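I opened the model today and went through it piece by piece. My notes follow in the order I looked things up.

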Amino acid sequence: LVALDAATAPAIVATAGGAVEPGRLAAAIAPDSRPGLEVPASTVRIRLVDDGVRADFWVADAWGGVTRIASGADGAAALPGSGGPWRVLALDVSPRPSPSDRTDPDTSGSALDIVLTGVVATAADGAETRVAFEQVWQARPEVISRFGGEVQPRTDGRSGFTATVVREEPGAVRVMPDPAPLRLAITTAAAERVGAVVGDTITLVVPGTSRRVEGEVTDIVRAVPGAATAAAVAVDLAASLQRQLAESANPPTVTALWLAPDAAASRDTAAILRAAAELRAIAPRGTLVAAAVESATGALAEGARLALWTAAAGALLLAIATVAIVSRAIGGARAVDVVVLRAVGVGARPQARARALELASLLGFAVLAGVAVGAATSVILVPDLARSLLVDAPPALALRAAIDPAVGLGLLLVLLLAVVLLAVDAGLRAARQVTTLSAREVLR
């Protein structure tokens, strides 16, 4: 199971030579609406509108990562300095003790009737904006409830809950809207394994946990980026984490960071890899940091590409040398033809032209046939050959043959130039034979 942000996937995910279609993948997993309650981009602090309660906020950043922001004694929580705009996915709500609560021991067991209406977003200049809940945010005591008494969701259509206060514990309850249905993109291998088609609902087990996630299959794709197996499933990161917040106290942590260059640096592979190394140094231990680089088959297959193109260039040079040797040998063996044609009145120029056109036609047909047969053979054999050249290639990496237009065109031009030069050389040698060979010398 790979969870990634659908909004930024097209700009971050590499195509791996066409094996991955980022736009299609993003469209398949994107929720109908972004999960959570979005606060203004200028927000630096948030708190609940309602007095008498405070909350720790589970918020998603612009890339779908989720973190818990604790509030202070005043009920306000400071957002990180970067990463916005932020969306509030869930609340861990607790009563804010009043002076009487702190002094009167008889308040233990008192009933609470909590109604939540929204959050107050405070900008850096102190301006406050009230953001109302657009959905009903209900308590989920089965996820987190430390009130010590019974916690019940409200039944009057308003956000909040009813509960009983217990003095010995701080008290907290998870409050959030109903998560949106998850949209899943699964690989062909996964679809074949479970017999799923588009529109089916399947249940997933989150790797390394006993958590189960249910979602609808919206597309079947060739490969899922970041997957370690051929059978893989992709889902939107924030949507999946909100679903986990509805079922467990803490959602799974992010285990990988993917980065891609902006347009100005898209071709500076070395700078991209340096940035990845710097991020890897400050990321939590065990976090995978991967960089998308501009390459026909991606950075992973760069060694295979170099080996295959080197082999192609070597084969081209050997072919040219072989044709040159054979052409000269055949030219020497046809000395009798030259003398006979000269005897019947065919001069040096017509013979040279005929010999050049003959060789050019033969080599031109050979080039066309070679390109056709080579392309068909490459489609069949190159993916497996390239995979054998890769070190620790992920099993789910779908490789296919793809020609780099610049390199391919360059080699083809070299080949065509060689054909022209060999044809001209054959014509010149034929003309030289017409003027230098004698019948006695040839027939001896």
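Entry one: the sheet. The model is predicted. I started with an open sheet of 4 strands, and I read its order as β6-β3-β9-β10, with antiparallel pairing. Which strands stand at the edges? I found β6 (77–78) and β10 (128–132) there. Each has a single partner strand, so one side of each is left without a neighbour in the sheet. I reminded myself that strands of a sheet pair through backbone hydrogen bonds.

Next I checked how β6 is held. Strand β3 (residues 43–48) pairs with β6 in the antiparallel sense, over 2 bridges. I looked up I46 and found its bridge partner in β6 to be A77.

Entry two: T122. I located T122 in strand β9, which spans residues 118–123. Is T122 buried or exposed? Its relative accessibility is 15%, and the cut-off for buried is under 20%, so T122 counts as buried. I then listed its contacts, leaving aside neighbours within four places in sequence. They are S42, T43, V44, R45, A127 and E128. Of these, T43 falls within the range of β3 (residues 43–48), and E128 within that of β10 (128–132).

Entry three: D61. I found D61 in the loop between β4 (53–60) and β5 (66–69). D61 is buried, yet I found no salt bridge for it. Where is the nearest side chain of opposite charge? It belongs to R87, 6.9 Å away. A salt bridge needs the two groups within 4 Å. I asked next what the side chain of D61 does reach. One target is the backbone nitrogen of G64, at 3.0 Å. The backbone nitrogen of G65 is another, at 2.9 Å.

Entry four: helix α5. I moved on to residues 237–245, which form α5. How many of its residues are buried? I noted 9 of 9, so the helix is mostly covered. The charged residue R243 is on the buried list, and so are S240, Q242 and Q244. I also looked at the start of α5. There a side-chain oxygen of D236 reaches to within 3.5 Å of the backbone nitrogen of A238.

Entry five: aromatic rings. I searched for aromatic pairs and the structure holds 1. The rings belong to F133 and W137, with centres 4.4 Å apart. Their planes are at 25°, so I logged the pair as stacked. I checked burial last: both F133 and W137 are buried.

Key
Residues numbered from 1 in each chain as written. Predicted model: local features only at pLDDT ≥ 70, side-chain atom pairs only at ≥ 80, totals over all residues. Heavy atoms only, no water. Buried < 20%, exposed > 50% of the residue type's maximum accessible area, 1.4 Å probe, protein only. Contact = heavy atoms within 4.5 Å. Pairing = 2+ DSSP bridges. Polar contact = N/O pair within 3.5 Å; in protein donor to acceptor, adjacent residues only side chain to side chain. Phe/Tyr/Trp six-rings, centres within 6.5 Å; stacked < 30°, edge-to-face > 60°.
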